[in-house]
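Please look through the sequence and the model together before reading on. The paragraphs below go from strand pairing to the overall make-up of the protein, and then to its open and closed spaces.

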Amino acid sequence: MEGREDPLERIAREESQKKGNAGGLKKVVTVLAAVAAVLGGVLVYQMIKNNGYSRLVTELNVEKDSLTRQFEALQVDYANLTSDYENINASLDSSRQEVSMLVDKLKSTDATNRAMMRKYQAELGTLRSIMRNYITQIDSLNTLNHKLTEEAALAKRDAAESRRKNETLNQQVENLSSQVKTGSVIKARGLSLAAYRNNGKVTNKAGQTARMMVSLSLIENALAEHGPVTVYVRVLDPSGNLISDGRGTSFTSGDTTLDASASREVDYEGSEVDMNIYINATVKFVPGTYTMEAFTESGRLGSSALSLK
């Protein structure tokens, strides 16, 4: 019959269409699976990247904190470094201002700014080198004072032997003696005050503090008198009261008699001497700022402060 489709052809056509549809669906599923795999990979990569960046930021912040502490320690050394010469003191004031400015800038700089961190590190090395140069200059001037002392002594012997008095020469000798006296005073650097628990560990909490320790170094001075030197420390609590170890130690500095928190005697032979002085207080420590001053009987060595929570 004309116009009717052969049943066998119709069945064959339908089966062909089903295979085509199945093949298309399979392709779609394959594409979706590939896309999902790519997205999953990107997500994993991003997570790894974020974790790595976080660790890097943490490490950079640790490096910045370490650099800041080094600058602050250098700032204390500059503050405690003194000389008896006006030209050096003027340069020291300029260097102190530079260190203070760099400390403020460093604290406000993002730790991830590697270029600036490297610059600060280089500046730290430069400022340390400058400090060593200051110390060398002071030592050289002290050596010169020592030479002047010998020359003054020789001039006195010559004057005695010749039995002649020359007012101009006597004035020169007097001036030299004055310079030597000024240069022979023992100085100190690196003064600091720290709080300790009963187990010997450092703390910043008043309630955990069992004792305090003062650290300092007597600077090398070939002109200074050799022999026993007693260093006295006075520590005042936040209310301005003297903290005492109960021994009732007192001393005279200049024309003033003062009570001391603690003291220690060392054998000074002109070379640098590092020392610690412990203060086992008989009172309970309270939160606030504690101030410390160190003395010898020749005068004041310097000061420091400590804040307890």
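Two strands are said to pair if DSSP finds at least two bridges between them. The model is a predicted one, and strand β4 is a useful place to apply that definition. In β4, V231 stands opposite R264, a residue of β8. This is part of an antiparallel pairing in which β4 (residues 227-236) and β8 (residues 262-268) are joined over 7 bridges.

Strand β4 has further partners. With β10, which covers residues 288-296, β4 pairs over 5 bridges, again in the antiparallel sense. One contact point to find on the display is L236, whose bridge partner in β10 is T291. Strand β5 consists of residues 242-243 and runs antiparallel to β4, with 2 bridges between the two strands. Here V235 of β4 has I243 of β5 as its bridge partner. The link from β4 to β5 is a hairpin, with 5 residues lying between the strands. In its turn, G240 has a positive phi of about 90°.

Is β4 mostly covered or mostly exposed? Of its 10 residues, 7 are buried, so β4 is mostly covered, given that buried means under 20% relative accessible area. In a regular strand, side chains alternate between the two faces of the sheet.

Another group of strands can be traced separately. An open sheet is formed by 4 strands in the order β2-β1-β3-β9, with antiparallel pairing. The edge positions belong to β2 (202-203) and β9 (273-279); each has a single partner strand, so one side of each is left without a neighbour in the sheet. For β2, a pairing with β1 (residues 188-196) is found, antiparallel and over 2 bridges. In that pairing, Y196 stands opposite V202 of β2.

Now take the protein as a whole. Its secondary structure amounts to 4 helices and 11 strands. The protein has 309 residues, and 30% of them count as buried. Its exposed area is about 19800 Å², of which carbon and sulfur atoms supply 51%. Among contacts between residues at least 6 apart in sequence, 70% join residues at least 24 apart.

Strand β4 returns when the open spaces are considered. Which element gives the most to the lining of the largest pocket? It is β4, with 4 residues. The volume of this pocket is about 280 Å³. Its lining is made of 13 residues, and those nearest the centre are I186, E225, P228, V229 and S298. By class, the lining residues of the pocket divide into 5 nonpolar, 6 polar and 2 charged.

The model also contains an enclosed space. There is 1 cavity of 30 Å³ or more, and the largest cavity holds about 170 Å³ of space. Which residues lie nearest the centre of this cavity? They are T82, I138, N142, K187 and I219, from a lining of 15 residues. Helix α3, spanning residues 114-162, gives the most to the cavity lining, with 4 residues. The cavity lining has 6 nonpolar, 5 polar and 4 charged residues.

To retrace the route on the display, begin at β4 and its antiparallel pairing with β8, and go on to the pocket to whose lining β4 gives the most. Then go to the cavity and find helix α3 in its lining.

Notes:
Residues are numbered from 1 along each chain as its sequence is written. This is a predicted model: local features need pLDDT of at least 70, side-chain atom pairs count only at pLDDT 80 or more; totals for chains, interfaces and linings use all residues. Side-chain values use heavy atoms; hydrogens and water are left out. On a 1 Å grid over the protein atoms alone, a cavity is a set of points where a 1.4 Å probe fits but cannot get out, and a pocket is an open set with protein on both sides within 12 Å along at least five of seven lines; lining residues have an atom within 4 Å of a point. Grid points are joined across faces, edges and corners, and a volume is the space filled by probe spheres set on the points. Ala, Val, Leu, Ile, Met, Phe, Trp, Tyr, Cys and Pro count as nonpolar, Asp, Glu, Lys and Arg as charged, and the others, Gly among them, as polar. Buried means under 20% relative accessible area, exposed over 50%, partly exposed in between (1.4 Å probe, protein chains only). Contact means heavy atoms within 4.5 Å. Accessible areas come from the Shrake-Rupley method with a 1.4 Å probe; for residues, only the protein chains shown count as cover.
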